[in-house]
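Visitor: Hi, could you walk me through some helix packing here? I'd like to go one pair at a time.

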Amino acid sequence: MNIPFLDHWRKRHEPEDSDGPLAAAFDRDAEGVGELLSECELLRARVEESGVVLDDSPRSLQELDQLPPRWRDDPEELPWIGNDAGLYLGTVIVRNVPGARWQVWPGGGPVVCLASGREIQVVEAGLDWAMTGAPELYHVYAEAAEY
């Protein structure tokens with residue numbers, strides 16, 4: 001059966017790139033994806049309740065490290081807080097370490113690339129921090145700033 005509008009609909013809704021939608025979007029608009037990655041809405045909302053303002057500064061990472069980990073009481077929220085913490089860590093690095101930039105690898109998640117070529121798996125660091133408290137976010141930042 002030939003249904004022309006269905007063929008047109010399929011073309012619009014099939015994935016453009018098998019590398020993944022985030023990688024494809026990053027290739028088209030790296031700055032826009034960087035802004036999207038920096039939103040971290042859940043983390044910002046939770047820490048604002050504690051009086052901490054996330055202003056994309058290294059000092060805000062120190063303040064995050066000092067918060068009591070109440071998110072560990074909610075197993076459903078824990079991975080989301082960890083993901084946001086990693087994205088926030090990446091945002092602070094990209095905005096404060098010269099030459100640092102976001103990179104989204106095909107089929108993978110976002111990482112931060114330093115001018116030296118070193119890659120930091122910020123989402124993994126954020127998840128580890130949310131679950132165990134280590135490594136502290138500021139220490140990851142400080143190490144990145146040394147390169």
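Guide: Happy to. This is a predicted model, where local features need pLDDT of at least 70, side-chain atom pairs count only at pLDDT 80 or more, and totals for chains, interfaces and linings use all residues. Residues are numbered from 1 along each chain as its sequence is written, and side-chain values use heavy atoms, leaving out hydrogens and water.

Visitor: Which residues in helix 6 and helix 7 meet?

Guide: On the helix 6 side they are Leu78, Pro79, Gly82, Asn83, Ala85, Gly86, Leu87, Leu89, Gly90 and Ile93, and they meet Val122, Val123, Ala125, Gly126, Leu127, Trp129, Ala130 and Met131 in helix 7. Contact means heavy atoms within 4.5 Å, and helices are DSSP runs (H or I, at least four residues) numbered from the N terminus.

Visitor: How many of those are nonpolar, polar or charged?

Guide: There are 13 nonpolar, five polar and no charged residues in that contact. Ala, Val, Leu, Ile, Met, Phe, Trp, Tyr, Cys and Pro count as nonpolar, Asp, Glu, Lys and Arg as charged, and the others, Gly among them, as polar.

Visitor: And what angle do helix 6 and helix 7 pack at?

Guide: About 130°, with the axes of helix 6 (residues 78-96) and helix 7 (residues 122-132) 7 Å apart. That makes helix 6 oblique to helix 7; angles under 35 degrees count as roughly parallel, over 145 as roughly antiparallel, 65 to 115 as roughly perpendicular and the rest as oblique. Axes are lines fitted to C-alpha atoms, for helices over the stretch in contact, and angles run from 0 to 180 degrees between N-to-C directions.

Visitor: New topic: how do helix 5 and helix 6 pack?

Guide: Helix 5 (residues 58-66) packs on helix 6 at about 155°, with axes 9 Å apart, and the two are therefore roughly antiparallel. Pro58, Ser60, Leu61 and Leu64 in helix 5 meet Tyr88, Leu89, Val92 and Asn96 in helix 6.
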